[in-house]
Amino acid sequence: MTIRISGTGGALPDKILTNSELEKTVDTSDAWIRERTGIGARHIAQNETVASLAAEACRKALSDAGRNAEDVELILVASTSSEMLLPCIACQVQSETGAVNAAAFDINAACAGFLFALQTANAYIASGIYRNALVVGAEVLSRIVDWKDRSTCVLFGDGAGAVFAEACDEEGMGIRAMLQGSDGRRGVVLQCRAGHYTETDHELFPYKDPFIHMDGSEVYKFAVRTIPECIEQVLEQAGLKACDIDLYILHQANIRIIGSIAKRLGVDEDRFPHNLEHVGNTSSAAIPLLLDELNKSGKIKRGAKLVLSGFGAGLTYGACVMRW
Ligand code: ACO
């Protein structure tokens, strides 16, 4: 028994912030941001919250799957940027969507969070505890970004993506292999304090403001070394070669990272779709948002072989192989 994705949904805040608008507030340029990252614009939450975006994405995923909120047995929300410590985002989503029969909880594994949540859903469903799950990545990173720090504020955006995943026993379909990993020893390279915890000294995490601090080049090196190895291992588990995969749906952090991973795998970049041009890096929402765009535009055909892979703060990373 494995799981297949039978519906997808996405939600983006109404407000769009372009690179040109950012030029007016920080010492940067549209040319620098596009050339170094591939990002052209991002969506920024105003009235939206992590939970309201997540709930909108879930409603769309349920509608795409042709299911009702009452059918949902598990809600898993991956996020790093909840406005609320309690209740968790997944319980807020349950309340907003009316998925009254579900168990609901959050997972924090930063940009790899959606994959960690999908693996968790897979484990619950494969073991027969639940038959389906809403798996969500949702972020309002704009509230934990220092808008005076040009090395981070140009990168991130807000949004949510959701999938409805259900038990699948059709031979060869659904998730074929999955892999996760973490390297907590290198967690210092990407850190952010909780907003209420700015007074206390912490040996490893010196920044006292509640904003994202990142050693971009260390994260970059980590991604381009770890992700190709992780993908090769998961392909081996699935008995496939890199050239067998139709689409690689990677975390949308930087177009140069995606290009480098394609090169290391020896696969044409055409098979690495991206949407970071108009949404930026939405952390745990990036993979399900892109998946939804591709699904809704008919670019993922039934039976297509996909690799999903992400990496982020923690440090965390993961990949999975699935047949759509
Ligand atoms: N505009 C203009 N100049 C800038 C900007 C900016 N926005 N930001 C940095 N610079 C300058 C730097 O100050 C530096 O100037 P200097 O040479 O005078 O010192 C120069 O540009 C080059 O800076 P680098 O940091 O070397 O630029 P690089 O090409 O490495 O790109 C980037 C930086 C985009 C952050 C890249 O390292 C990257 O993408 N890293 C990975 C980030 C990532 O993937 N994060 C994902 C996880 S996120 C999560 O888990 C929440």
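This is a conversation about the ligand site, the two domains and some backbone features of a predicted model.

Trainee: What makes asparagine 254 a polar contact of the ligand?

Mentor: A polar side-chain atom of asparagine 254 lies 2.7 Å from an oxygen atom of the ligand, and since a polar contact is a pair of N or O atoms within 3.5 Å, the pair meets that definition. The protein covers 72% of the 1000 Å² of accessible area that the ligand has on its own.

Trainee: Which distances place tryptophan 32 and glycine 216 under that heading?

Mentor: For tryptophan 32, a polar side-chain atom is 3.4 Å from an oxygen atom of the ligand, whereas for glycine 216 a polar backbone atom is 3.0 Å from a nitrogen atom of the ligand; with the cut-off at 3.5 Å, tryptophan 32 qualifies, and glycine 216 qualifies as well.

Trainee: How do you know that the ligand lies between the domains, and what is the shell around the ligand made of?

Mentor: The chain is divided into domain 1 (2-168) and domain 2 (174-323), and because both of these domains give residues to the shell around the ligand, the ligand lies between them. There are 27 residues around the ligand, of which Thr28, Arg36, Cys111, Asn254 and Arg256 come nearest, and the shell divides into 14 nonpolar, nine polar and four charged residues.

Trainee: Which element gives the most to that shell?

Mentor: Helix 7 does, with four residues; the elements that each supply at least two residues include helix 2 (30-37), helix 7 (216-238) and strand 12 (305-312).

Trainee: How do you know that domain 1 and domain 2 are in contact?

Mentor: Contact means heavy atoms within 4.5 Å, and by that criterion 54 residues of domain 1 are in contact with 48 residues of domain 2. The two domains bury about 3700 Å² between them, 64% of it on carbon and sulfur atoms, while their centres, taken over C-alpha atoms, are separated by 14 Å.

Trainee: Why is the peptide bond from leucine 86 to proline 87 called cis, and where does proline 87 lie?

Mentor: Omega of that bond is near -5 degrees, and the bond is cis; proline 87 lies in the loop between strand 4 (74-78) and helix 4 (89-97). Another cis peptide bond joins glycine 314 and leucine 315, with omega about -5 degrees, and leucine 315 is found in the loop between strand 12 and strand 13 (316-323).

Trainee: What makes alanine 110 worth listing here?

Mentor: Its phi is near 50 degrees, a positive value in a residue other than glycine, and most residues other than glycine have a negative phi. Alanine 110 has its place in the loop between strand 5 (103-107) and helix 5 (113-126).

Definitions and conventions. Residues numbered from 1 in each chain as written. Predicted model: local features only at pLDDT ≥ 70, side-chain atom pairs only at ≥ 80, totals over all residues. Heavy atoms only, no water. Near = heavy atom within 4 Å. Polar contact = N/O pair within 3.5 Å; in protein donor to acceptor, adjacent residues only side chain to side chain. Areas by Shrake-Rupley, 256 points an atom, 1.4 Å probe, with all protein chains shown as cover. Nonpolar A, V, L, I, M, F, W, Y, C, P; charged D, E, K, R; others polar. Domains from an automatic or database assignment. Buried area = accessible area lost by both parts, 1.4 Å probe.
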